[in-house]
Amino acid sequence: MDKRFFEFLSHDERVDCLALGTVAKHARGAALLRTGERRRALHVLLDGEAEVRRSDGAVLSRLVSGDVYGEMSFIQISGASADVTATTDGSTLTLTEAQLDELFLERPGLAAGLYRSLAAELSRRLRALSERFVA
């Protein structure tokens with residue numbers, strides 16, 4: 001698995017996330033997240049690829065191993081803003097809010113690393129979007 005999402009976590013913290021979260025395999029074409037769903041969870045694509053699409057079908061981004069999805073609805077406690085569909089077979093790690101709360105109690109420093117990783121990912125996405133508008 002690419003460590004990009006977990007870039008600000010130690011090896012042991014990454015292992016704890018994998019151990020406490022739920023790993024599920026998915027087939028090409030599987031709906032990983034649907035617009036409006038309120039899962040209160042973070043999802044990390046462990047392997048495979050996926051697309052993020054608006055309701056009008058426009059592709060917003062393509063996800064690869066290490067990419068996170070569902071983070072906006074997790075942070076804002078709202079419904080997902082887009083559909084995420086697997087474009088290849090793969091697997092996903094899901095960390096629910098309850099699982100993350102448990103991790104944060106056991107490892108208080110993990111929260112800072114996880115949220116810093118989320119902030120870095122959102123910053124990368126905003127920068128890429130800004131560059132698309134300049135081009």
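Tutor: Before we start, a salt bridge here is a side-chain nitrogen of Lys or Arg within 4 Å of a carboxyl oxygen of Asp or Glu. Keep in mind that the model is predicted.

Student: Okay, let's use that: how far apart are the closest N and O atoms of Glu 51 and Arg 62?

Tutor: The cut-off for a salt bridge is 4 Å between a Lys or Arg nitrogen and an Asp or Glu carboxyl oxygen. Glu 51 and Arg 62 form such a pair, and their closest N and O atoms are separated by 2.2 Å.

Student: Which parts of the chain does that pair tie together?

Tutor: Start with the addresses: Glu 51 belongs to strand 4 (residues 50–53), and Arg 62 to strand 5 (residues 59–63). The two parts are eleven residues apart in sequence, so the bridge ties together strand 4 and strand 5.

Student: Is Glu 51 buried or exposed?

Tutor: Buried means under 20% relative accessible area, and exposed means over 50%. Its partner Arg 62 is at 56%, so Arg 62 counts as exposed. Glu 51 has a relative accessible area of 14%, which makes it buried.

Student: Sticking with Arg 62, how far is its C-alpha atom from that of Glu 49?

Tutor: Arg 62 sits in strand 5. Along the chain, Glu 49 and Arg 62 are 13 residues apart. In space, the separation of their C-alpha atoms is 7.2 Å.

Student: Now Glu 97: which residue does it form a salt bridge with?

Tutor: Glu 97 lies in helix 3 (residues 97–106), and its partner is in the loop between strand 2 (31–33) and strand 3 (41–47), so the pair ties together parts that are 57 residues apart in sequence. Glu 97 is partly exposed at 27% relative accessible area, and its partner is partly exposed at 38%. The closest N and O atoms are 2.8 Å apart, and the partner of Glu 97 is Arg 40.

Student: What is phi of Arg 40 near?

Tutor: Arg 40 is placed in the loop between strand 2 and strand 3. Its phi is positive, in a residue other than glycine, and the value is near 50°.

Student: And Ile 77, which loop is that in?

Tutor: Ile 77 isn't a glycine, yet it has a positive phi of about 50°. It counts as partly exposed, at 48% relative accessibility. Its place is in the loop between helix 2 and strand 7 (83–86).

Student: Back to charges: how far apart are the closest N and O atoms of Asp 56 and Arg 54?

Tutor: Asp 56 is exposed at 54% relative accessible area, while Arg 54 counts as partly exposed at 38%. The two form a salt bridge, and the gap between their closest N and O atoms is 2.7 Å.

Student: How many salt bridges does the structure hold?

Tutor: Some of the charged residues are linked in a network of salt bridges, namely Glu 7, Glu 71, Glu 121, Arg 124 and Arg 125. The count for the structure is ten.

Student: On to empty space: what is the volume of the largest pocket?

Tutor: Rolling a probe the size of a water molecule over the atoms shows where empty space is left. Lining the largest pocket are 30 residues, with Val 52, Leu 60, Ser 61, Met 72 and Arg 125 nearest its centre. The volume of the largest pocket is about 710 Å³.

Student: Which element gives the most to the lining of the largest pocket?

Tutor: At least two lining residues come from each of strand 5, strand 6 (68–69), helix 2 (71–76) and helix 4. Eight residues is the biggest contribution to the lining, and it comes from helix 4.

Student: By class, how many residues in the lining of the largest pocket are nonpolar?

Tutor: The lining has nine charged and four polar residues. The nonpolar count is 17.

Student: Last one: what accessible area do Leu 126, Leu 129 and Phe 133 have together?

Tutor: Leu 129 lies in helix 4 (residues 108–134). A patch needs residues with over 30% relative accessible area and no salt bridge, and Leu 129 is partly exposed at 37%. Leu 126, Leu 129 and Phe 133 form a nonpolar patch on the surface, with a combined accessible area of about 350 Å².

Conventions. Residues are numbered from 1 along each chain as its sequence is written. This is a predicted model: local features need pLDDT of at least 70, side-chain atom pairs count only at pLDDT 80 or more; totals for chains, interfaces and linings use all residues. Side-chain values use heavy atoms; hydrogens and water are left out. Patches are made of residues with over 30% relative accessible area and no salt bridge: like charges are joined within 9 Å, nonpolar side chains (Val, Leu, Ile, Met, Phe, Trp, Tyr) within 5 Å. Accessible areas come from the Shrake-Rupley method with a 1.4 Å probe; for residues, only the protein chains shown count as cover. Helices (H or I, at least four residues) and strands (E, at least two) are DSSP runs, numbered from the N terminus. Buried means under 20% relative accessible area, exposed over 50%, partly exposed in between (1.4 Å probe, protein chains only). On a 1 Å grid over the protein atoms alone, a cavity is a set of points where a 1.4 Å probe fits but cannot get out, and a pocket is an open set with protein on both sides within 12 Å along at least five of seven lines; lining residues have an atom within 4 Å of a point. Grid points are joined across faces, edges and corners, and a volume is the space filled by probe spheres set on the points. Ala, Val, Leu, Ile, Met, Phe, Trp, Tyr, Cys and Pro count as nonpolar, Asp, Glu, Lys and Arg as charged, and the others, Gly among them, as polar.
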